[in-house]
Each structure stands twice: as C-alpha cells, then as structure tokens.
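I am opening this notebook to record what I looked up, beginning with a local question about strand pairing and moving on to the fold as a whole.

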Amino acid sequence: AVANLEVDTESPVLVAVPLYQAYGWDLGLLPVLRTGATMFLEEEISARRVAKLLRDHTIDILPGTPSMYRELVKLPTAKALKVKNARFLSGGSKLEADVAQAMLDEYGVRLISCYHTTETGNIALDTSGKNADSVGKPLGGIDIRFSTPGKGKKGDKAATQGGMWVKGAALS
C-alpha cells in the first residue's frame with residue numbers, strides 16, 4: 001500500500017481510526033514506520049477535531065470510514081483543503097456515492113475506496129477515486145479467485161453465494 005499511496009517522508013498522516021484494528025495499523029501506523037512520515041494520532045474522533053487537524057497540518061493521508069466522512073461534510077465550516085496530493089482512504093464499510101461527491105464538493109478531495117480485512121490486510125485500492133462503487137484492482141502480489149455458488153455444504157453461505165479466495169504474502 002505504501003507504493004500505491006506514494007507515501008514518503010514528506011507525507012503527513014492523520015490516523016483517526018483505532019490502531020488496535022487492522023485498518024488503522026496497516027494503513028496508518030505501518031506506512032509511517034516504513035517511510036519515516038509524520039503521523040498525527042487522534043484519539044478523539046469527532047468531525048470538528050478531524051477537520052481542524054486536516055487544515056492545521058495539511059494532512060496528505062487519512063484512513064477513515066464512510067461515517068466519519070459523512071460527518072465531515074455536514075460541518076458548516078467545511079471548505080476546500082490546500083492539499084496537493086490528498087490520499088483520503090475510505091474503508092470499513094461501503095462508501096456511498098453521495099458521501100464521495102460531497103467530500104469532493106466541500107473539501108476538494110476525492111476519496112479512495114479500499115478493501116481491507118483483518119485476515120488479509122489491504123486487498124485493493126481505487127486510487128483514482130472516480131467511482132465510489134469500486135474498490136479498484138487488487139494490489140500487486142494479491143491474487144483473488146471467486147468460487148461459484150453451489151460449492152459447499154447445504155445451508156452454508158458459500159453454497160448459495162459463492163466465496164472469495166485471497167492469496168498473498170501478507171495474509172495472516
């Protein structure tokens with residue numbers, strides 16, 4: 001993810017998601033440790049506080065959730081950020097198109113949808129941020145295979161919906 005997000009020593013990162021969850025760990029702390037970037041760790045996850053930190057520290061990278069972004073766009077003080085290469089990640093649940101559009105309209109930032117799980121780490125990033133319905137293509141080194149419905153025991157979820165198999169060096 002470090003290469004895909006172009007994280008370097010000059011990238012201020014605001015981590016406003018818990019580090020005890022894989023999302024905050026993998027896309028917040030680990031890129032900072034690997035690159036020597038500056039990390040701002042925020043324990044008070046309120047929209048007003050996050051918006052202030054975004055402006056005060058010209059944050060480039062922000063792993064967040066769709067609900068956090070929804071609260072940010074509701075602020076009466078919402079205005080365009082002066083960030084040249086914003087990489088604001090949206091993970092944890094589906095990013096709704098209206099939230100993505102509101103972030104672009106209010107803050108001038110395209111949200112990057114990502115698909116990340118505790119068991120697999122980061123699987124895919126839509127670095128273009130142009131389609132809220134997409135999480136983009138799998139990252140390098142990640143192989144994905146889908147099984148067809150009907151494989152598995154009767155009553156098993158995989159028997160009716162199929163499954164997704166992920167292979168990669170970082171899987172836990």
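Which residue in β6 is the bridge partner of histidine 116? I looked this up in what is a predicted model, and found that asparagine 122 is the partner of histidine 116.

I then followed the pairing outwards from there, and noted that β5, residues 111-117, runs antiparallel to β6 and is joined to β6 by four bridges. The connection between β5 and β6 is a hairpin of three residues.

Next I turned to β7, residues 137-138, which pairs with β6 over two bridges, again in the antiparallel sense. In this pairing I find alanine 124 opposite proline 138 of β7.

I also checked how covered β6 is, and for residues 121-125 the result is that five of five are buried. For the protein as a whole, buried residues come to 42% of the 172.

For the overall fold I counted six helices and nine strands. I compared the radius of gyration, 17 Å, with the value near 16 Å that a compact globule of 172 residues would have, and the protein therefore agrees with that expectation. The C-alpha trace spans about 55 × 35 × 25 Å along its principal axes.

Of the contacts with a separation of 6 or more, I noted that 57% are between residues 24 or more positions apart.

Last, I looked at surface and charge: the accessible surface is about 9,900 Å², with 51% of that area belonging to carbon and sulfur atoms, while the mean positions of the 21 positive and 19 negative charges lie 5 Å apart.

Notes:
Residues numbered from 1 in each chain as written. Predicted model: local features only at pLDDT ≥ 70, side-chain atom pairs only at ≥ 80, totals over all residues. Heavy atoms only, no water. Buried < 20%, exposed > 50% of the residue type's maximum accessible area, 1.4 Å probe, protein only. Pairing = 2+ DSSP bridges. Rg over C-alpha atoms; globule rule 2.2 N^0.38 Å. Contact = heavy atoms within 4.5 Å. Areas by Shrake-Rupley, 256 points an atom, 1.4 Å probe, with all protein chains shown as cover. Lys, Arg positive; Asp, Glu negative; His and termini not counted. Charge placed at Lys NZ, Arg CZ, Asp CG, Glu CD.
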